[in-house]
Amino acid sequence: MADKVFLVIGAGAGIGGHAADRFAQGGYHTVLARRSDEGGLQQLVDRIEHAGGAASGTLLNAAEDGTIETLIERVERDIGPIECALYNLGAQIGNRGLADTPHRTFELGWRLGCFGLFRLAQAVTPHMIERGHGTLLVTSATAAVRGNAGQHSHAAAMGGRRMLCQTLNAELAPKGVHVAHIVVDGSVDAPDTLGKLLGDEFEAYKSAKGEDGVVDPGALAETYWHLAHQPRNCWTHEIDVRPFTDVPWWNDNPNPQIDTGKR
Ligand SMILES: NC(=O)c1ccc[n+]([C@@H]2O[C@H](COP(=O)([O-])OP(=O)(O)OC[C@H]3O[C@@H](n4cnc5c(N)ncnc54)[C@H](OP(=O)(O)O)[C@@H]3O)[C@@H](O)[C@H]2O)c1
């Protein structure tokens, strides 16, 4: 059995895979779960093992009831105690107007963005509470803090995710479980998500953003590592990150040196 496990729900080649690398490097057995890409999953597991770490991979559809719960039971029984879990599923479907957002799409966004985290928390945190410690990291997005045109499903799901993190913290922090909501307020070099959404435009998009113009998931993984290892007398419950060239979500002036008059 491993001493400690890092579990990633939603492990692609971007944030999920790089966070797994970082925790494996720090001595965790890493369990990576993703929906459909078996070859991509194996590549991530191989990369960790070649670097001297320990990893296992599994395919699951986190939107289906019972999948996350069964995985957690299996990991706790067969691999080791889940010291840190990362909920890394997005719920982005691109821009869609109200009339073009079917009920099933809205509901799927909620299942991925919000309900899946609720299910993860319900399944994993009793183990953490029993041990008196554990961390739940939650990757989030600008849509968690700001609604926008075409983002009905995404923003509703991510806003719910943020509030869920706050309620989880209120209940779990006094029991020793740290929940951190990480607002990624910018594009990520993530070929399996943004890359697929943009298709052939992805490389041109990154070039247009310039050097360090998109979030490097390897750099972000250092933040995740830090959050999960903060002493409990100085926990962060919410943090935001973006490339240096991006304007933060609360600021509508792209160049703060110039007063556009826009308010
Ligand atoms: N990428 C960005 O530009 C960006 C920007 C802001 C915030 N974020 C946030 O970052 C997180 C995602 O990180 P990332 O973009 O770097 O992606 P990533 O870690 O490279 O990949 C995420 C993986 O989630 C898996 N997934 C999707 N639906 C699933 C389901 N129903 N069940 C199980 N796995 C599922 C996909 O697996 P398969 O490929 O196998 O289907 C995908 O590869 C999300 O919380 C998102 O809101 C991303």
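Biologist: Is T30 buried or exposed?
Modeller: This is a predicted model. T30 sits in strand β2. Its relative accessibility is 0%, and the cut-off for burial is under 20%. T30 therefore counts as buried.

Biologist: Which residues does T30 touch, leaving out those up to four places away in sequence?
Modeller: Contact here means heavy atoms within 4.5 Å. With sequence neighbours up to four places away set aside, the list for T30 is F6, A20, F23, A24, I48, A54, A55 and S56.

Biologist: How far does helix α3 reach from its first C-alpha to its last?
Modeller: Helix α3 covers residues 67-78, twelve residues. At 1.5 Å a residue, 16 Å is expected. The span in the model is close to that, at 16 Å.

Biologist: Why do the buried residues of α3 line one face of the helix?
Modeller: The buried residues are T67, I68, L71, I72, V75 and E76. Seen down the helix axis, they fall within a limited arc, so they line one face. That arc is 155°.

Biologist: Which exposed residues does the face of α3 turned away from its buried side carry?
Modeller: The buried side of α3 packs against β1, β2, β3, β4 and α4. The face turned away from it carries two exposed residues, E73 and R77.

Biologist: How many residues of strand β5 are buried?
Modeller: Strand β5 spans residues 134-141. G134, L136, V138 and S140 point one way, and T135, L137, T139 and A141 point the other way. Both sets are buried. The count is eight of eight.

Biologist: Why do residues of a strand point two ways?
Modeller: In a regular strand, side chains alternate between the two faces of the sheet. In β5, one set includes L136 and V138, and the other way point residues including L137 and T139.

Biologist: Which residue in β5 is the bridge partner of Y87?
Modeller: Strand β4, residues 82-87, runs parallel to β5. Four bridges join the two. The partner of Y87 in β5 is V138.

Biologist: Which residue in β6 is the bridge partner of L136?
Modeller: β5 pairs with strand β6, residues 177-184, in the parallel sense. Eight bridges make up the pairing. In β6, the partner of L136 is V179.

Biologist: Through which helix does the chain cross from β5 to β6?
Modeller: Before that crossing, β4, helix α4 (residues 103-131) and β5 make a right-handed β-α-β unit. The crossover from β5 to β6 is right-handed too. Its helix spans residues 152-172 and is α5.

How values were computed: Residues numbered from 1 in each chain as written. Predicted model: local features only at pLDDT ≥ 70, side-chain atom pairs only at ≥ 80, totals over all residues. Heavy atoms only, no water. Buried < 20%, exposed > 50% of the residue type's maximum accessible area, 1.4 Å probe, protein only. Pairing = 2+ DSSP bridges. Right-handed = clockwise from strand over helix to strand, strands pointing away. Expected span 1.5 Å × (residues − 1). Arc of directions from axis to C-beta.
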